[in-house]
Amino acid sequence: MPGSEAPAAPQVTWDDIPDGIVVVDPAGRVEIFNIAAVKITGVTVTAALGRHLTEILPLLDERGNDWWECSRASRELPRVTGQPERRLTLAYPSSERDLNVTVRYVRAEGKLTQVSLSLRDTASRERLERNRADLVSTVAHELRSPLTSVKGFTATLLAKWDRFTEEQKKLMLNTVNTDADRVTRLLAEVLDVSRIDSGRIQMRKQIVDLEHTLRRVVDGKVAAGEATHDRFVVRTEGELPEMWLDSDKIEQVLHNLVDNALRHGAGTVTIVMRGTPSGAEVTVADEGEGVPEASASRVFTKFWRGATRGNGTGLGLYIARALIEAHGGTITVGRVPGGGAEFRFVVPAGAPVFA
């Protein structure tokens, strides 16, 4: 109503902060201990308030020294405002665990009034570091083989060019070209994963002819010698609506799904496109052993290759899911009646995106 005041925004409390927050006075007595700190440490608010920090949070640095005692000099220096995040060990008599701790010194006219500690569990950071290590390890492993081949054939041709027939030279150069393409695809996958993990996928939508895009992907596999035309069955059921999609990203999804069927499936690869009330549905099925039901939930995770998935980075399906979801669609995996895996994705028709 005119003249009425807008309702006041709810006041944020310490318990609304997702990190564990512990605030102590200059002597180290606990004044604030939020709910997140309770969950991280297992110490109740009642047990914490009024007690010395070292009694409820015996934090040790990397050398096993008491952190509170070692930070005395920092607390006494007027110009020191805090300590950057570092890993400290919460050492209880019966158990130990690592925490990421950030410290802030609150001062009034240069005099210390409070010390604020922010506590974070290390599990998520360790998981991220493991993923990065896995990515580096996978990339190094996958690069080694093609680069060895490229180096070997190139060095051989340079040293003994006149000793080879034209047919032998052509064979070696074709091998170098194929391995160079493999390296290019691998680096593109790594860049895609980096964009996905950092949330930097950009969509450039335009009208896309799905059937034409799929034919181009299949023809590319045949031209590269990865399969023959008679291994593919491609059909369209019903009329497809006008599709506003990112052409490059949809082509990449189709490439990854077809590539997966050729590498890990068997027999005929059947690709069916159907119109839906709000967009289009595409299925890619093969006649191999399929994906075990117990593994279906992990197929689209990073680095998943299964027990007998052969070579590859294990990133193709992870990238495919991210690109489909960026379009507002969904992707699933199932089994066809005769065996084999069937990947199905649905994307909305979309609309042009204006800057």
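**Around helix α10**

Reader: What does G328 do just after α10?
Author: Just after α10, G328 takes a positive phi of about 85°. Helices here are DSSP runs of H or I with at least four residues, strands are runs of E with at least two, and both are numbered from the N terminus.

Reader: What kind of model is this?
Author: A predicted one, where local features need pLDDT of at least 70 and side-chain atom pairs 80 or more, while totals for chains, interfaces and linings use all residues. Residues are numbered from 1 along each chain as its sequence is written, and side-chain values use heavy atoms, without hydrogens and water.

Reader: Is α10 mostly covered or uncovered?
Author: Mostly covered: eight of its eleven residues are buried (under 20% relative accessible area with a 1.4 Å probe, protein chains only; over 50% is exposed, in between partly exposed). Among them are L317, Y318 and L323.

Reader: What covers them?
Author: The cover includes α7 (166–197), α9 (247–264), β12 (330–335) and β13, going by contact, meaning heavy atoms within 4.5 Å.

Reader: Other topic. How many aromatic pairs are there?
Author: Two in the whole structure. Rings of Phe, Tyr and Trp (its six-membered ring) pair if their centres lie within 6.5 Å; planes under 30 degrees apart are stacked, over 60 edge-to-face, the rest tilted. F300 and F343 have ring centres 5.9 Å apart and planes at 85°, so they are edge-to-face.

Reader: Where do F300 and F343 sit?
Author: F300 is in the loop between β11 (279–285) and α10 (316–326), and F343 is in strand β13 (residues 341–348), 43 residues apart. F300 is buried at 7% relative accessible area, and F343 is buried at 2%.
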